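Please find below a colleague's note for the file. The points concern helix packing, the main pocket and aromatic pairs.

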Amino acid sequence: MRTVGQIGRFGIVGLALNAALYLFYLALTEMAGMAPVAASSLAFVVGVPLSLSLHRRITFRVPEISNARKAGFVGAYVFAYFAQIGTLAGLHYGLGLPHPVAQAAAIVMAAAFLFVVQKLAIFRA
């Protein structure tokens, strides 16, 4: 049951954080005229430290983690970043999907990967 609660909290935290970052991405692309890949990259950089803090405290309820696990967290996000950018670019530039749709799909894919990594490696008991 612990995992079910963590999945629920991960979903709530993830939805709230990614909704805010997605709006930030849309503001950068639609209002500031930034290219989709550049906007996604900036949103990722802003989101990583927020994600670490929120998931550590709320999702997994861990008081602190070692620097090695923090490095693992960043490593997982670097991998997810390249997978997300590849998905965004492939769906938008390759298949011609509108960039907001491609970015949303990329976020969902990255979130699933990141939950598994965080559960099994970063915030394990």
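**Note on the structure**

1. Helix 1 and helix 4 pack with their axes 10 Å apart, at an angle of about 145 degrees (axes are lines fitted to C-alpha atoms over the stretch in contact, and angles run from 0 to 180 degrees between N-to-C directions; helices are DSSP runs of H or I with at least four residues, numbered from the N terminus). The model is predicted, with pLDDT of at least 70 required for local features and 80 or more for side-chain atom pairs, while totals for chains, interfaces and linings use all residues. Residues are numbered from 1 along each chain as its sequence is written, and side-chain values use heavy atoms, without hydrogens and water.

2. In the contact (heavy atoms within 4.5 Å), helix 1 contributes residues including F10, N18, Y22 and L26, and helix 4 residues including I107, A111, L114 and F115. The contact residues divide into 12 nonpolar, seven polar and two charged.

3. The largest pocket (an open set of points on a 1 Å grid where a 1.4 Å probe fits, with protein on both sides within 12 Å along at least five of seven lines; lining residues have an atom within 4 Å of a point) has a volume of about 470 Å³, taken as the space filled by probe spheres set on the points. Of its 26 lining residues, G14, N18, L21, I107 and A111 are the closest to the centre.

4. Helix 1 supplies the largest share of this lining, 10 residues. The lining comprises 17 nonpolar, nine polar and no charged residues.

5. F73 and F123 form an edge-to-face aromatic pair, 6.2 Å centre to centre with 65 degrees between the planes (ring centres within 6.5 Å; planes over 60 degrees apart for edge-to-face). F73 lies in helix 3 and F123 in the segment after helix 4, so the pair ties together parts 50 residues apart in sequence.

Note on methods: Helix = DSSP H or I, 4+ residues; strand = E, 2+ residues; numbered from the N terminus. Nonpolar A, V, L, I, M, F, W, Y, C, P; charged D, E, K, R; others polar. Phe/Tyr/Trp six-rings, centres within 6.5 Å; stacked < 30°, edge-to-face > 60°.
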